[in-house]
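Me: Could you take me through this structure and show how each label follows from its cut-off?
Reply: Happy to, with the definitions spelled out as we go.

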Amino acid sequence: MFSSAILAVILFGILVFIHELGHFLMAKWAGVYVERFALGFGPALIRKKIGDTEYAICALPLGGYVKMLGEEVEKEEGASPSTDPRSFAAKKPLTRIGIVAMGPFSNLILPVVLFTGLFMVGMPTPISQVGRVIPGYPAEKAGLRPGDKITAIEGQSIWKWSDMTALLSRRAGHPTKVAIERGNQTLELTAVPISEQDVNMYGEKEAVGKIGIDMSPLRPTVGIMDSQSVAARAGLKTGDVIASVNGQPTRYWWELSDAFGQSREPRKLSIERFTTIEKSEKLDITLPAKGKTLKEAGIEEGELYVREVMPDTVASEHGVKVGDRLFSLNGERLNSWYDFQKRIRENQGEKITLGILRNKQEVRIDLVPKEIVRQDELTRKKEKTRQLGVVSASIGGEPATRKEQYLNPFVALKHGVDETVDFSITQIAGLVKMVRGRVSVDNLGGPISIFYLAGSSYKAGGWLAFVRMMAMLSIMLGILNFLPIPLLDGGHLFFFIIELIKGSPVHARFRDFAQRVGFAVIIGLMVLVFYIDIKRYFLDRIRELFNFN
């Protein structure tokens, strides 16, 4: 396992190297004399001169530069133009535009190469297979069930989960034909997506169409209410997962129901019993021939049963216990854990009445859901929500995925280009929204964020996830460097384009003033992203250290 520091150095090093290599190669091709090609800043740790150029790796790995003859003429007021034909300043505006633009453009070429490579190796991609159907939603009413594979929406073929949700999101209120594969059957159902508030990738709330399905399945988890039932006497406990019945695998509750059948013969159940959320043990239990159906055996779906009551929470303070079954909220019956969580999150601090079943008796508890701050493990973004402090007995399974792989390099290249273009458009749209004030600047990140993301992406998904993260950061770096801010590549391009149009260089005083403004903007941005990074990763620790509330 690589440390975050090593991964961050690899990430920074490759992105900077590719950027500066673009400048360097274009300058060499244009006949510009390159004095130095350096990775990092400060004193050189390693240096070697090859031909006319010195190559160096410097002590501070936070950037890099290509030093060209005559480049200072573009930066310093009153500097005399170089008469050397190999000087950067002596080149025509189009040539200088090409040299400067090739840096950020290289950062947009790199993702194409990386994505193409990933598609050739193969990336696990969630497919449009239903993992879970939420009770009361259009999918349930239409007859969809877990394990169904959605193959088309309104005649448009799909196989990716993301493509399916994108199509459904635009069809709120419209009857929608959904083609599915169920075992050896091909069926067409009709569902009417409802409009629900959701949060998009930019953190904005928007209304989207949903039919009430989730890619992550719930394994057939048992709930036992009657301690004297056939199942309880055989040794089954609330929270047990039934993996098979008489050797027949059961991945979903309906498969368990089908496998259970209505036979009065003894049934051999393979059980997975979780001692903690992460640890489990396997055992076999034989159910006597007394229970004809699941209900007669005393087996319920365990989703609304409580597996754990977290300490020092509203639930623990009001006496909610492990094994309780959540039954109602404010007199309305609960259909699913999703329904329960949604209603708790929507609570604005009002008192609620929670109905629970305990030993077959209904108990009503009055309480107020507590407001907490939840932090995303990857982005470290915080959001306020409400909770009671109970954990469902249900155990989630893994979403169905397919290895998205294209061995034909031209097909892989097409998908690599598409992925780069799509992400570039997304980032540009995000920047526009941020400038217009529709997206918070808290979505920005600096070197500390990149350092953290380098390690967390590798930890979450290995090299595939790390390379994907590198591709996305390279796109962001390329786009940012194209912004017309003086001192950035985009600022130089802006001046050169003006020179190309008007036929003479931009006045030195105006250029100097713009560079001063650009310097102030960049310093301000650096202070801002460092502040956001410190707030995101260290503020809570600082408060804990000094006992600040």
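Reply: Accessible areas come from the Shrake-Rupley method with a 1.4 Å probe, and for residues only the protein chains shown count as cover. With that method, the accessible surface of the chain is about 29,800 Å², and 57% of it belongs to carbon and sulfur atoms. Please keep in mind that this is a predicted model, where local features need pLDDT of at least 70, side-chain atom pairs count only at pLDDT 80 or more, and totals for chains, interfaces and linings use all residues. Residues are numbered from 1 along each chain as its sequence is written, and side-chain values use heavy atoms, with hydrogens and water left out.

Me: Why is Asn107 called buried or exposed?
Reply: Buried means under 20% relative accessible area, exposed means over 50%, and partly exposed lies in between (1.4 Å probe, protein chains only). Asn107 has a relative accessible area of 0%, so Asn107 is buried. Asn107 sits in helix 2; helices are DSSP runs of H or I with at least four residues, strands are runs of E with at least two, and both are numbered from the N terminus.

Me: What is Asn107 in contact with, leaving aside its neighbours within four places in sequence?
Reply: Contact means heavy atoms within 4.5 Å. The partners of Asn107 include Leu15, Ile18, His19, Ser474 and Gly478.

Me: And why does Val527 count as buried or exposed?
Reply: Val527 has 55% relative accessibility, so Val527 counts as exposed. Val527 belongs to helix 13 (residues 508-537).

Me: What makes the largest nonpolar core a core?
Reply: A nonpolar core is a set of buried Ala, Val, Leu, Ile, Met, Phe, Trp, Tyr and Cys residues joined through side-chain atoms within 4.5 Å. The largest one has 28 residues, and Leu11, Phe115 and Phe466 have the most contacts inside it. Helix 1 (4-29), helix 2 (93-121), helix 10 (409-435) and helix 11 (447-481) each give two or more residues to this core, and helix 11 gives the most, with 13 residues.

Me: How do you know that the buried residues of helix 9 are on the same side?
Reply: In helix 9 (residues 337-345), the buried residues are Trp337, Asp339, Phe340 and Ile344. They cover an arc of only 160° around the axis, so they lie on the same side of helix 9. The arc is that of the directions from the helix axis to the C-beta atoms. The cover over these buried residues includes strand 19 (325-329) and strand 21 (352-358).
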